[in-house]
Amino acid sequence: MSKQKNTQLSRADIQSLQALSPGSVVDLQISTPTAPKRVRTHYIGADFPHCLLFQLPSESKWGYLRDILVPEKEVVVRYVLEGGEGKVIALRSKVLKVITHPTNIVFIAMPSSLQTLALRKHKRWTPGIQARILIKDNNRELSTECMIVDVSQQGCRCVVEPSPDFPPLDNGKTVSLAISADSDTQIRGIIKNSSSAHAKMFYGVQFSADAEIVKKLLDRFIVEI
């Protein structure tokens with residue numbers, strides 16, 4: 001692939017794209033006349049300065065995408081860089097082409113800029129959802145701020161700033177997530193996995209909440225860039 005750089009992108013933006021490894025899971029949000037559709041797919045690679053390549057989501061599961069994922073369709077791609085990077089990246093662009101042979105690939109135009117958010121405490125957590133994570137510990141109710149950086153019908157991934165007032169969470173721990181903009185909405189779940197990176201704690205939460213409550217969360221989870 002060409003090593004020429006897109007002159008519209010800053011050096012930092014280019015480095016953020018180059019840090020995304022082929023095979024990485026990304027969130028693909030597709031605009032529609034009603035509400036955005038969001039699916040997970042995989043990053044294939046880039047052809048600087050022309051386009052980004054992503055795996056077309058499975059037709060058996062996401063068959064309706066054939067009608068909406070077409071050239072000139074606006075999409076938002078979002079991914080998390082962990083390790084030394086510790087940031088959320090979001091980009092907005094348009095579909096250039098979709099091919100289904102010899103494999104399913106969607107080509108997206110190289111964006112003119114990226115939105116970057118460091119995974120740290122911040123009044124405005126875009127492109128994630130500001131929330132609080134609540135637990136019961138020795139008959140006490142404890143909570144702390146968190147950011148939901150990835151979400152699906154089954155669960156979510158959130159980032160917590162370590163605090164002496166809030167203990168690390170073990171797998172199997174029951175938690176509740178309260179969406180900051182709507183404190184009446186709490187979603188129960190179970191910690192399924194955890195990891196630490198860039199002095200932050202990442203938790204994978206499997207929802208055990210009512211489907212309507214989860215839908216309310218999903219409806220709020222729209223990247224704005």
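This report walks through a few strands, some unusual backbone spots and one buried residue in a predicted model.

**The barrel**

Let's start with the strands that close up on themselves. Six strands form a barrel, and going round you meet them in the order β8-β9-β10-β13-β12-β11. The pairing in this barrel is antiparallel. On average, neighbouring strands of this sheet are turned by 45° against each other, with direction ignored.

Now pick out one pair from that ring. Strand β12 covers residues 186-197 and strand β13 covers residues 200-207. The two pair in the antiparallel sense, and eight bridges link them. If you want a place to look, find G189, which stands opposite F207 in β13.

**Around β3**

Next, have a look at β3, a strand with two partners you can trace. One partner is β2: the two strands pair in the antiparallel sense over four bridges. Between β2 and β3 the chain makes a hairpin, with three residues joining them. For a landmark on this pairing, Y43 has F54 in β3 as its bridge partner.

The other partner is β6, which runs antiparallel to β3 and is joined to it by five bridges. Here the pair to find is L52 and its bridge partner in β6, I108.

Is β3 mostly covered or mostly open? It is mostly covered, since four of its five residues are buried. As a general point to keep in mind while you look at strands, side chains in a regular strand alternate between the two faces of the sheet.

**Odd spots in the backbone**

Some places in the loops are worth a closer look. Two of them are cis peptide bonds that lead into a proline. F48 and P49 are joined by one, with omega about 0°, and P49 sits in the loop between β2 (37-47) and β3 (51-55). The bond from H101 to P102 is also cis, with omega near 5°. P102 lies in the loop that runs between β5 (87-99) and β6 (105-109).

Two other spots have a positive phi without being glycine. E72 has a phi of about 80°, and for N139 phi is near 65°. Where are they? E72 is found in the loop between α3 (65-68) and β4 (74-81), while N139 lies in the loop between β8 (129-137) and β9 (140-151). That second loop joins two strands you already met in the barrel.

Are these two residues buried or exposed? Exposed means over 50% relative accessibility, so E72 at 56% counts as exposed. N139, at 84%, passes that cut-off as well, so it also counts as exposed.

Here are the two side by side:

| Residue | Phi | Relative accessibility |
|---|---|---|
| E72 | about 80° | 56% |
| N139 | near 65° | 84% |

**A buried aspartate**

Finally, turn to D13, which has its place in helix α1 (residues 11-18). Its relative accessible area is 11%, and buried means under 20%, so D13 is buried.

What does D13 touch, leaving out residues up to four places away in sequence? The answer is S113 and L114. With L114 there is a polar detail too: the side chain of D13 reaches the backbone nitrogen of L114 at 3.3 Å.

Q115 helps to show how the chain folds back here. D13 and Q115 are 102 residues apart in sequence, yet their C-alpha atoms are 8.5 Å apart in space.

Terms used
Residues numbered from 1 in each chain as written. Predicted model: local features only at pLDDT ≥ 70, side-chain atom pairs only at ≥ 80, totals over all residues. Heavy atoms only, no water. Buried < 20%, exposed > 50% of the residue type's maximum accessible area, 1.4 Å probe, protein only. Pairing = 2+ DSSP bridges. Axes fitted to C-alpha atoms, helices over the stretch in contact; angles between N-to-C directions. Contact = heavy atoms within 4.5 Å. Polar contact = N/O pair within 3.5 Å; in protein donor to acceptor, adjacent residues only side chain to side chain.
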